[in-house]
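Grab your viewer and a coffee, and let's work through some exercises. Each one sets a task and then walks through the solution.

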Amino acid sequence: MKFVDSPIDHFEYFGRQIYVKRDDLLHPEFSGNKARKLAYFLMEEFAEITTLVSYGGTQSNLMYSLSALAKLRGWQFIYYCYKPSQIALDQIVGNLAGAIANGMQLSIVEHNLDQRIADLQLAKDTLLVKQGAAEETARFGIMQLAAEIRSWARQFSYARLAVFLPSGTGATALYLQYYLPEFIVYTTNCVGDTDYLKQQWDRLDANLTKPQILANTKYRFATPHRELWDKYQEISAISYIEFDLVYDPVGWQILSQHLQDISEPILYIHCGGQMGNPTMKQRYKYQFKV
Ligand SMILES: *Cc1c(COP(=O)(O)O)cnc(C)c1O
């Protein structure tokens, strides 16, 4: 199975070439940042495993990518969560609908999800992937991403490069900086403030060189803002690329404010996630009548 070498596109923005690493096109059924992070679970043998178990929110990109992983591997996929709203269950598009279409079985928990997971008696044919496990094993897939970036930069003789992506947990940015010491990785905090992001990095590995943070002091995670919508529309119209509506509008908004400060050629990592766009679009429509 080909699961490497996502293409690199480019477009012109304020007189600069911006390169875009299209991890959203990594593989037809398994793509984006979460697929990179889960590559370990795709590539390792796991000979005894028949069932994948995970848990968390029901709009998450990770949940959807786990469903794609299970489908590719022919594993059952059981996802523990609190009961989604009827509106969420009735959606025919989005991460939840997509994951269910991939065969995900929901196991509804009334309360104390964490305790329920801690109490699970796992058979030896069952693999539990926690959010945290996806962060720790992410190194494997991010190393591959770094190797692709390096070979592209060599091919086009870029001795300097600014690699940018918006951060959630920050694991991708941290490991990318580790595997690309010759380049600068820039990121912005989409979840929590800059201190939260630094704490996340220390928790993963306090010894690694930290990426550069372009601070987001305004936008709360997955919260619609009129100017984020406008930025999203602007970038779509120029690039002809569909980005995600949770991380990328913040990413582009903050990056555009710092273009003058970054002299290196910019490579933006497209982390996929468009599967969740229909549900975000509905929220934008509802709030701003866009
Ligand atoms: C998960 C994700 C990110 C952020 O990745 P982290 O490693 O959690 O920082 C960015 N963009 C998209 C679309 C994602 O799904």
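The exercises below go from open spaces to the ligand and then to single residues.

Two ground rules: this is a predicted model, so local features need pLDDT of at least 70 and side-chain atom pairs count only at pLDDT 80 or more, while totals for chains, interfaces and linings use all residues. Residues are numbered from 1 along each chain as its sequence is written, and side-chain values use heavy atoms, with hydrogens and water left out.

**Exercise 1. Describe the largest pocket: its volume, its centre and its lining.**

Step 1: get the term straight. On a 1 Å grid over the protein atoms alone, a pocket is an open set of points with protein on both sides within 12 Å along at least five of seven lines, a cavity is a set where a 1.4 Å probe fits but cannot get out, and lining residues have an atom within 4 Å of a point. Points are joined across faces, edges and corners, and the volume is the space filled by probe spheres set on them.

Step 2: read off the volume, about 850 Å³ for the largest pocket.

Step 3: find the centre. The lining has 45 residues, and Gln59, Ser60, Asn61, Phe221 and Val246 lie nearest the centre.

Step 4: list contributors. Elements are DSSP runs numbered from the N terminus (helices: H or I, at least four residues; strands: E, at least two). Those supplying at least two lining residues include helix 1 (33-37), helix 3 (61-73), strand 7 (162-167) and helix 9 (171-179).

Step 5: sort by class. Ala, Val, Leu, Ile, Met, Phe, Trp, Tyr, Cys and Pro count as nonpolar, Asp, Glu, Lys and Arg as charged, and the others, Gly among them, as polar. That gives 19 nonpolar, 21 polar and five charged residues.

**Exercise 2. Do the same for the second largest pocket.**

Step 1: the volume here is about 240 Å³.

Step 2: 18 residues line this pocket, with Ser31, Tyr64, Gly273, Gln274 and Met275 nearest its centre.

Step 3: helix 1 and helix 3 are the elements giving two or more residues to this lining. Helix 3 gives the most, with three.

Step 4: the class split is five nonpolar, ten polar and three charged.

**Exercise 3. Which residues line the largest cavity, and what classes are they?**

Step 1: count first. The structure holds one cavity of 30 Å³ or more, and the largest cavity has about 40 Å³ of space.

Step 2: the lining is Tyr219, Arg220, Phe221, Ala222, Thr223, Leu228, Leu245, Val246, Pro249, Val250, Met280 and Tyr284. Helix 12 (248-257) and helix 13 each give two or more of these.

Step 3: by class, ten are nonpolar, one is polar and one is charged.

Step 4: check a backbone angle while you're there. Ala222 sits in the loop between strand 9 (212-213) and helix 11 (226-239), and its phi is near 55 degrees, a positive value in a residue other than glycine.

**Exercise 4. Work out what surrounds the ligand.**

Step 1: a residue counts as near if one of its heavy atoms lies within 4 Å. There are 15 residues around the ligand, and Lys34, Lys37, Gly168, Thr169 and Thr172 come nearest.

Step 2: look at ligand oxygen atoms. One is 2.5 Å from an N or O atom in the Thr172 side chain. For the Asn61 side chain, the distance from an N or O atom to a ligand oxygen is 2.8 Å. A polar backbone atom of Gly170 is also 2.8 Å from an oxygen of the ligand.

Step 3: check how covered helix 9 is. Eight of its nine residues are buried (under 20% relative accessible area; exposed is over 50%, partly exposed in between; 1.4 Å probe, protein chains only). Among them are Ala171, Thr172 and Ala173.

**Exercise 5. Is Lys37 buried or exposed, and what does it touch?**

Step 1: place Lys37 in helix 1.

Step 2: Lys37 is buried because its relative accessible area is 3%, under the 20% limit.

Step 3: not counting residues up to four places away in sequence, Lys37 touches (heavy atoms within 4.5 Å) Ala134, Glu135, Thr137, Ala138, Thr169, Ala171 and Thr172.

Step 4: the side chains of Lys37 and Glu135 make a polar contact of 2.9 Å. That term means N or O atoms within 3.5 Å; within protein, one must be able to donate a hydrogen and the other to accept it, and residues adjacent in sequence count only if both atoms are side-chain atoms.
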